[in-house]
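Hi,

Here is the structure I said I would pass on. Have a look at it first, and then read my notes underneath.

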Amino acid sequence: LLKPIRLARLHDALMRARTLAPLQDEILREMKPDARTHLSINERGRIHLIPVSEVLFLKAELKYVTVRTAAREYLLEESLAKLEQEFLGRFVRIHRNCLVVKEAIRGFERGTMLDADGEGEGGWAVVLNNVAEKLPVSRRQQHIVREFGRIL
């Protein structure tokens, strides 16, 4: 619209905008981007591109997310919840602060695990392929042990 605005022209413009809005919503839904294939990690002035296919687990610690591959760990400044939504179906939540790649799970082990505060807690732990570290499964997420049906 150009000034001076006339009521009839404003009405016509609003009517045209209403007919276009549903079409644009549909187009935007179809254009939903695919999940990334690599995570971009900034480390000491270098940028590492980590293939998502190499990631074994993501663990939130303070304001960072630890990205664990078979080779090493990286720190990423992203939200764990955002990563979970983006890679829905690839990861399973085993704890409020940890997502594990479903295909990387070798099994589960019962025993005493240390939580983030160093406190011992009986329960299940996830055993992963290619890493010795065992990750505790929170009581709230114990259902995944039954769903996977693989107990060591």
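Below is what I found, grouped by region.

Before anything else, keep in mind that this is a predicted model.

**Salt bridges**

The structure has 7 salt bridges. I'll start with Arg36 and Glu86, whose side chains meet in one of them at 2.8 Å, N to O. Arg36 sits in the loop between H1 and E1, while Glu86 belongs to helix H2, so this pair ties together parts that are 50 residues apart in sequence. Both ends are partly exposed: Arg36 comes out at 27% relative accessibility, and Glu86 at 24%.

That pair is also part of something with more members. Arg36, Glu78, Lys82 and Glu86 are linked in a network of salt bridges. Glu78 is worth a click here. You'll find Glu78 in the loop between strand E5 (73–76) and helix H2 (80–86), and its side chain makes a polar contact of 2.9 Å with the side chain of Arg36. Is Glu78 buried or exposed? With a relative accessibility of 19%, Glu78 counts as buried, because the cut-off for that class is under 20%. Beyond its neighbours within four places in sequence, Glu78 is in contact with Arg36, Val65 and Leu83.

Then there is Glu43 with Arg72, a salt bridge of 2.6 Å, N to O, between the two side chains. Glu43 is in strand E1 and Arg72 is in the loop between E4 and E5, so the pair ties together parts that lie 29 residues apart in sequence. Arg72 is partly exposed, with a relative accessible area of 31%.

One more to look at is Lys134 with Glu109, where the side chains meet in a salt bridge of 2.7 Å, N to O. Lys134 is in strand E10 (residues 134–136) and Glu109 in strand E8 (residues 105–114), so here the parts tied together are 25 residues apart in sequence. Lys134 is partly exposed at 35% relative accessible area, and Glu109 is partly exposed too, at 29%.

**The core and Asn97**

Which residues touch the most other members of the largest nonpolar core? That core has 33 residues, and the ones in question are Leu39, Leu58, Ile94, Val100 and Leu128. I'd centre the view on Leu58. Leaving out residues up to four places away in sequence, Leu58 touches Leu39, Val65, Thr66, Val67, Leu80, Leu83, Phe91, Asn97, Cys98 and Leu99. Leu39, another of the five named for the core, is on that list, and so are Val65 and Leu83, which Glu78 also contacts.

Asn97 is the polar name I'd pick out from that list. Asn97 lies in the loop between strand E6 (91–95) and strand E7 (98–101), and with a relative accessible area of 14% it is buried. The side chains of Asn97 and His95 are joined by a polar contact of 2.8 Å. Setting aside residues up to four places away in sequence, Asn97 touches Leu58, Lys59, Ala60 and Leu80.

**Two loop residues with positive phi**

Arg44 has phi near 50°, which is positive in a residue other than glycine. The place of Arg44 is the loop between strand E1 (38–43) and strand E2 (46–51), and Arg44 is exposed at 80% relative accessible area.

Where does Leu62 sit? Leu62 is in the loop between strand E3 (55–61) and strand E4 (64–69). Phi of Leu62 is near 55°, again a positive value in a residue other than glycine. As for its surroundings, Leu62 counts as exposed, at 91% relative accessibility.

**A nonpolar patch on the surface**

Last, go to the N-terminal end of the numbering. Ile5, Leu7, Leu10 and Leu14 form a nonpolar patch on the surface, and together they have about 400 Å² of accessible area. Leu7 is in helix H1 (residues 7–30) and counts as exposed, at 70% relative accessibility.

If you only have a few minutes, I'd open the network of Arg36, Glu78, Lys82 and Glu86, and after that the contacts of Leu58.

Cheers

Definitions and conventions: Residues numbered from 1 in each chain as written. Heavy atoms only, no water. Patch = residues over 30% accessible without salt bridge, like charges linked within 9 Å, V, L, I, M, F, W, Y side chains within 5 Å. Areas by Shrake-Rupley, 256 points an atom, 1.4 Å probe, with all protein chains shown as cover. Salt bridge = Lys/Arg side-chain N within 4 Å of Asp/Glu carboxyl O. Helix = DSSP H or I, 4+ residues; strand = E, 2+ residues; numbered from the N terminus. Buried < 20%, exposed > 50% of the residue type's maximum accessible area, 1.4 Å probe, protein only. Core = buried A, V, L, I, M, F, W, Y, C linked by side-chain atoms within 4.5 Å. Contact = heavy atoms within 4.5 Å. Polar contact = N/O pair within 3.5 Å; in protein donor to acceptor, adjacent residues only side chain to side chain.
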